[in-house]
Amino acid sequence: MGVGEGSADLGLNSNIDQNLKIEMGKQGIFVTTIEELYNWGRRSSVWPMQFGLACCAIEMIATTMARYDLARFGAEVFRPSPRQADLMIVSGTVTKKMAPQVVRLYNQMAEPKYVIAMGACAISGGPFKQGYNVLKGIDRYIPVDVHIPGCPPRPEALMEAFMTLQKKIDGQSLTGEDRPRYHDAEATGEFPVPEPGEHDLEPSSNPLVWITPVVIR
Amino acid sequence: MVSGSYFSLAVLFLGALGFGLAPLGLAWLWARVFAPPKPSAIKNAIYECGLESRGDAWVQFRSAYYLYAIIFLIFDVEAVFLLPFAVAFTGLTAGACLAMLVFVLLLVEGLVWAWAKGVLTWA
């Protein structure tokens, strides 16, 4: 069995035909690129952060247990510290009192970091959208990679979101214009933590990640 | 040098050194090329539960807690030794039994001392 070396150009513009690659793989010759290897390693060991905000967290816990077994995707290690986590699963209602802590924890995570907004509350406020104390979606403050609707979403939905995130990681490039934020030395890594204001959180959203929709009447 | 008896050791030493340093160097190189650091005041802050830390971490504990330490030690060590003592009791010689009793009674003495001092009374 022979093992082929990857192309030396970091795989930034892999010229190998996909079908040829599969054909060579059948013969025992594996061709890869650094980018592909890097993304494979990263998507196979996404460690979520261990915290839950509301009832969606129960479904998240069920997902990690034996019946649904998130460990199949390399994500069974829930880290109790943001320093060691790659993925933030915002599972549940984000109240305005809790939002600063969530954003602060997101800031403390090491790059590259991803966010799954789980459930109707985390993506929009859900059934509590009209509540004075509920944030209308965590994507107002931090960049969300995958949104899962549902109240609460079933474990299968969380796994689907996880696989979607893996596909997204697989497609990310190391260099070039379309590289993700954390590969860009100029891009900011800090997302302002909101402060409790008189009527709402100050600021009420982060313009870098959220464009406030204009209501046309 | 090559024919010296320590040559193989030197080779092994270099191999071991490389084994340890190569991943570190590769990680450092990778971080330099592809992962620009993004430090910030929040990221470098010390506490990690989402809240800002307040006060000083260098607090002192009262020395009066030594009583709890002593009483804990008495019961803890006694329990550790009483169980094997009881299991092996029928097969023990008189000398071993005496040695064990001396040890247990020394611990009991500590308990008696604490009792006489009034530590066991709930204040």
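This briefing describes the fold of chain A, one of its helices in detail, selected backbone features, and parts of chain B. The structure is a predicted model. Chain A contains six helices and five strands, and helix α6(A), which spans residues 155–170, receives the closest attention below. In chain B, the domain assignment gives two domains, residues 7–52 and residues 64–117.

**Overall organisation of chain A**

- In sequence order, the secondary structure elements of chain A follow the pattern α-α-α-β-α-β-α-β-α-β-β.
- The C-alpha trace of chain A extends over about 65 × 45 × 40 Å along its principal axes.
- Of the 217 residues in chain A, 32% are buried.
- When contacts in chain A between residues at least 6 apart in sequence are considered, 76% of them join residues at least 24 apart.

**Helix α6 of chain A**

- Helix α6(A) has 16 residues, for which a rise of 1.5 Å a residue predicts a span of 22 Å; the C-alpha atoms at its ends are 22 Å apart, so the expected and modelled spans agree.
- The buried residues in α6(A) are L158(A), A161(A), F162(A), L165(A), Q166(A) and I169(A). Viewed down the helix axis, the buried residues of α6(A) fall within an arc of 145°, and therefore they line one face of the helix.
- An α-helix has 3.6 residues a turn, so residues three or four places apart point the same way.
- E156(A) and K167(A) are exposed, on the other side of α6(A).
- The buried residues of α6(A) pack against two helices, α2 (34–43) and α3 (56–64), and against two strands, β2 (114–118) and β3 (146–148), of chain A.

**Packing of α3 against α6 in chain A**

- Two packed helices are described by the angle between their axes and the distance between the axes.
- The axes of α3(A) and α6(A) cross at roughly 75° and come within 9 Å. This crossing angle makes α3(A) roughly perpendicular to α6(A).
- On the α3(A) side, E59(A), M60(A), A62(A) and T63(A) take part in the contact, and they meet P155(A), L158(A) and M159(A) of α6(A).
- L158(A) is thus among the residues of α6(A) that meet α3(A), and L158(A) is also one of the buried residues of α6(A).

**Backbone features in loops of chain A**

- Most residues other than glycine have a negative phi, and most peptide bonds are trans.
- The peptide bond from E111(A) to P112(A) is cis, with omega near -10°; P112(A) is located in the loop between α4 (99–108) and β2 of chain A.
- C151(A) and P152(A) are also joined by a cis peptide bond, with omega about -10°, and P152(A) belongs to the loop between β3 and α6 of chain A.
- D69(A) is not a glycine, yet its phi is positive, at about 60°. D69(A) sits in the loop between α3 and β1 (87–91) of chain A.
- D69(A) has 13 other C-beta atoms within 10 Å and is therefore partly exposed, since a residue counts as exposed at 12 or fewer and as buried at 20 or more.

**Chain B**

- The centres of domain 1 and domain 2 of chain B, taken over C-alpha atoms, are 50 Å apart.
- L111(B) is part of helix α3 of chain B, which covers residues 94–117.
- L111(B) counts as partly exposed because it has 16 C-beta neighbours inside 10 Å.
- L111(B) and I71(B) are separated by 40 residues in sequence, while their C-alpha atoms are 7.1 Å apart in space.

Methods
Residues are numbered from 1 along each chain as its sequence is written. Chains are lettered from A and ligands numbered from 1 in the order in which they are written. This is a predicted model: local features need pLDDT of at least 70, side-chain atom pairs count only at pLDDT 80 or more; totals for chains, interfaces and linings use all residues. Helices (H or I, at least four residues) and strands (E, at least two) are DSSP runs, numbered from the N terminus. Two residues are in contact if their C-beta atoms, placed from the backbone, lie within 7 Å. Domain bounds come from an automatic or database domain assignment. The expected span of a helix is 1.5 Å times one less than its number of residues. The arc is that of the directions from the helix axis to the C-beta atoms. Axes are lines fitted to C-alpha atoms, for helices over the stretch in contact, and angles run from 0 to 180 degrees between N-to-C directions. Angles under 35 degrees count as roughly parallel, over 145 as roughly antiparallel, 65 to 115 as roughly perpendicular and the rest as oblique.
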